[in-house]
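Visitor: I would like to go through the voids in this model. Please give me the criteria as we go.

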Amino acid sequence: MTRVLHSSGRVFTADEPAWAEAIVTEGGRIAFVGSDADAAAFAGPDATTVDLGGRVVVPGFIDAHTHLVMMGEALGKVGLTDARTLAEIHERLRAAREADPDAPRLLGRGWLFDSVPGGAPTAAMLDEAVADVPVYLDANDYHSVWVNSAALRELGIDRDTPDPIGGRIGRGADGEPDGMLFETAAQQHVWTLLADAATDADRDAAVERTIAAYLATGVTGVVDMAFDELGLAAFDRAAARRGGMLPIRVLVHWFIANTGDDAQNLAQVRRAVELAGEHRPWLKVAGIKLVLDGVIDACTAAMRHPYADGSNADPIWPLERLRPVVAAADAAGLQVALHAIGDLASDVALDALEHAHAVNGERPRRHRIEHLEYAAPATAGRMAALGVTASMQPVHADPAIWANWAAMLGDERADRGFAWTEFTEAGALLAFSTDAPTAPHEALPNLYIAATRRSALDGSYPANHPEYAVPLADALAHATRDAAASCLEEHERGRIAVGLAADFAVLDRDPFSEGTDVLLEARVVRTVVAGEPAYEAERAPVEASSA
């Protein structure tokens, strides 16, 4: 096996000691970390040498909560996050329609409630821009879909269509559908229709876009948080195209929907157990994912106390339905990931996990709660006591998208949003991720928000509760070392340490010496996975030679 000496760098190890100058890799693993001189002596005269040119090297980022096929699909949709008025949304939709007049549908993503008059989107608003084909626009949080009248007709939704479990069809005062589909109403109507309309070729293209995008931004591992049969088949095909392997490490959590029937719910868990027992190089079914509530922006997150408008939302999974599913997965050795954005939802999540501990006894386990955008003060302590990971996304706290979130709460709760440091101070493991495509997938702007609480989208906004910012080194560790630990891989990857996988990224700027602002300009110039370059910028930033 060829040894490769990566020398003359500033290597952030996310380990002890925190810094080194050189790395030696061999057989896909890290064989040595240390000074240039010691690394050269260890590597020997026959090693291939890569001159890092003083650049910063970090462990490969692990996006510990993402949606892989959906992200690839989103990269092909009309982007609307920075369209801050209805007129601009109209302009982009009209332009997209004119650019592809033969498309049977128009798909967009990322719109914000506070970009729409009164925060109340309607089908009629979209009809003004595009009326001849169905229009489907995923909200920025992907928990609701805004559609036009043609889409309502295609979906077959009318005043008599019932709301599904855990979802709601928006309706006007006359009882007619108004163009908004919330939570499971979006999933069961829109997502099902679009999945049926998509071909394997469409999904294959989405997978390839996702892999390329992640590798170009230094991400060497991902954790999908809503995997299904279509996604599994698409990644099996991606591996087959590469002789059975993938260029990025993939762990997945199988999505479990609340059918309202315990037997059907447990059948879904059994399928996840079956898949977890199958061997696929670089793709592993690690656990299950359950969505317990919605989002604060749409007032669908389950809160202990009502929103500013007096409304509230019930959990999508009532505790009596949740307990048997969580207990069964825990007994089978699966990781359980629970989407809980509101404080009531996180209470329900922890109640279910405590039940699993009680019925299954002591055993190795490390479950997770996803998002935790607003958690009650005692939540972090309960999580630490149970060994539950706080899986959170700094990019969701970007001040540019904060206003509607805070307005929906309308009280002092907004002052404790995304309180990352509360979890670490309580002793809970904190893992950072992006939740792409609900937010940009790039790791470096995500770290910028984590370290500054400032906006990566619009620098004119002030910092958003900077008391919850984390030091840059800690933010990096949460996105690498702790992200690996969140999926039980801390002894395999996430640090630049001897014996671990040789997964790392090389940056063109040094945020430690130049300041965190350069994270908005910095680029990844090389991504190494299992010791092999998986991505290199067009102009080779490092020089390799054989001694």
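Visitor: How much space lies in the second largest pocket?

Guide: About 460 Å³. This is a predicted model: local features need pLDDT of at least 70, side-chain atom pairs count only at pLDDT 80 or more, and totals for chains, interfaces and linings use all residues. Residues are numbered from 1 along each chain as its sequence is written, and side-chain values use heavy atoms, leaving out hydrogens and water.

Visitor: What makes a set of points a pocket or a cavity?

Guide: Both come from a 1 Å grid over the protein atoms alone. In a cavity, a 1.4 Å probe fits but cannot get out. A pocket is an open set with protein on both sides within 12 Å along at least five of seven lines. Lining residues have an atom within 4 Å of a point. Points are joined across faces, edges and corners, and a volume is the space filled by probe spheres set on them.

Visitor: Which residues are closest to the centre of the second largest pocket?

Guide: R109, A439, P440, E442 and L457, out of 25 lining residues. Helix 15 gives the largest share of the lining, three residues (helices are DSSP runs of H or I, at least four residues; strands are runs of E, at least two; both are numbered from the N terminus).

Visitor: How many cavities of 30 Å³ or more does the structure hold?

Guide: Three. The largest has a volume of about 80 Å³. Its lining includes F61, D63, H441 and N446. Strand 8 (61-66) and helix 15 each give two or more residues to that lining.
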